[in-house]
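Biologist: Please take one buried position in this model, look at it closely, and then work outward from there to the rest of the chain, step by step, so that a first-year student can follow.

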Amino acid sequence: MIRSLIKLGLLLLAGILVYNYFFGTTEEKAQSKEVFKKTGDALGAAWNLLKSEKQKFDAGKYDKVLDQLGSAYKAIRDQAKNVDEKVLRRLDELERRKSALEQELGAIESGEKESATGNGAAAKSADQQRRKESLQRQLDSLIRDTDALLKDAQQ
């Protein structure tokens, strides 16, 4: 319901802007031109952001973070003699989550290679972007949970 209202509102707004652009007063035409220009600038900035994120992804942005988490887990395990069982169980769970994220990252990377050569690249690209965003949220959550575990282990 809300989605339909938003779509209807955007469609109405676009209709008003197009009408004013062609049939409005001089002031309305200038205002419409300015809105179109700013919208174009915003879309260009969003496109540049997506290209930047893709470059970071290709450069191994997520791989580095996952490697750092693995190193932190290894350090905690090395100190396991001084850590209670509860911390070790939490560490095991975090390592399972890290492994799942690594598998998801591998699937995304292989999917990008396939989408570059296949048909329907736009739909696949949008799906890949959603998967990357989900991976980033999961990775952020894993980092927060790891920080909490490190603080508990130090106490």
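Modeller: Let me start with Ser32, which counts as buried because its relative accessible area is 1%, and the limit for that word is under 20%. Before going further, please keep in mind that this is a predicted model, and that each value below is computed from it. Ser32 sits in helix H2, which covers residues 26-58. If we set aside residues up to four places away in sequence, Ser32 touches Leu17, Asn20 and Tyr21.

These partners lead us to helix H1, which takes in residues 2-23. With 22 residues at 1.5 Å a residue, H1 should span 32 Å, and the 31 Å between its end C-alpha atoms agrees with that. Although Ser32 is buried, H1 itself lies largely in the open, because the number of its residues that are buried is two out of 22. Part of what is open here is nonpolar: Met1, Ile2, Leu5, Ile6, Leu10 and Leu13 make a surface patch of about 690 Å². We can take Ile6 as one of the members of that patch; its place is in H1, and at 48% relative accessibility it counts as partly exposed, since that label covers values between 20% and 50%.

From here it helps to step back to the whole chain. The protein chain has five helices and zero strands, and from the N terminus on its elements run α-α-α-α-α. Of its 155 residues, 20% are buried, and Ser32, with its 1%, belongs to that group. The accessible surface of the chain comes to about 11,300 Å², and 57% of this belongs to carbon and sulfur atoms. When we consider contacts between residues at least 6 apart in sequence, 66% of them join residues at least 24 apart.

How are the buried and exposed residues arranged around a helix? Helix H3, residues 61-78, lets us work through this. Its 18 residues should span 26 Å at 1.5 Å a residue, and its end C-alpha atoms are indeed 26 Å apart, which agrees. The buried residues of H3 are Tyr62, Leu66, Leu69, Ala72, Tyr73 and Ile76. Because they cover an arc of only 115° around the axis, they are on the same side of H3. On the other side of H3 we find Lys64, Asp67, Gln68 and Lys74, which are exposed.

One of the buried residues of H3, Ala72, also gives us a path to the far end of the chain. Ala72 and Asp147 are 75 residues apart in sequence, yet their C-alpha atoms are 9.7 Å apart in space. Asp147 lies in helix H5, and at 41% relative accessibility it counts as partly exposed.

The last theme is charge. Side chains of opposite charge can pair when their charged atoms come close. A search of the whole structure finds five salt bridges, and we can look at some of them in turn. In helix H4, residues 85-117, Arg96 and Glu93 are three residues apart and so are separated by about one helical turn; they form a salt bridge whose closest N and O atoms are 3.0 Å apart. Arg96 is exposed at 52%, whereas Glu93, at 36%, counts as partly exposed. In the same helix H4, Glu102 and Lys98 are four residues apart, again about one helical turn, and their side chains meet in a salt bridge at 2.9 Å, N to O. Glu102 is partly exposed, with a relative accessible area of 32%, but Lys98 is buried at 13%, because this value is under the 20% limit.

A further salt bridge joins Glu104 and Arg131, with the closest N and O atoms 3.2 Å apart. Glu104 lies in H4 and Arg131 in helix H5, residues 121-154, so this pair ties together parts that are 27 residues apart in sequence. Glu104 counts as partly exposed at 27% relative accessibility, and Arg131 is also partly exposed, with a relative accessible area of 23%.

How values were computed. Residues numbered from 1 in each chain as written. Predicted model: local features only at pLDDT ≥ 70, side-chain atom pairs only at ≥ 80, totals over all residues. Heavy atoms only, no water. Patch = residues over 30% accessible without salt bridge, like charges linked within 9 Å, V, L, I, M, F, W, Y side chains within 5 Å. Areas by Shrake-Rupley, 256 points an atom, 1.4 Å probe, with all protein chains shown as cover. Salt bridge = Lys/Arg side-chain N within 4 Å of Asp/Glu carboxyl O. Buried < 20%, exposed > 50% of the residue type's maximum accessible area, 1.4 Å probe, protein only. Expected span 1.5 Å × (residues − 1). Arc of directions from axis to C-beta. Contact = heavy atoms within 4.5 Å.
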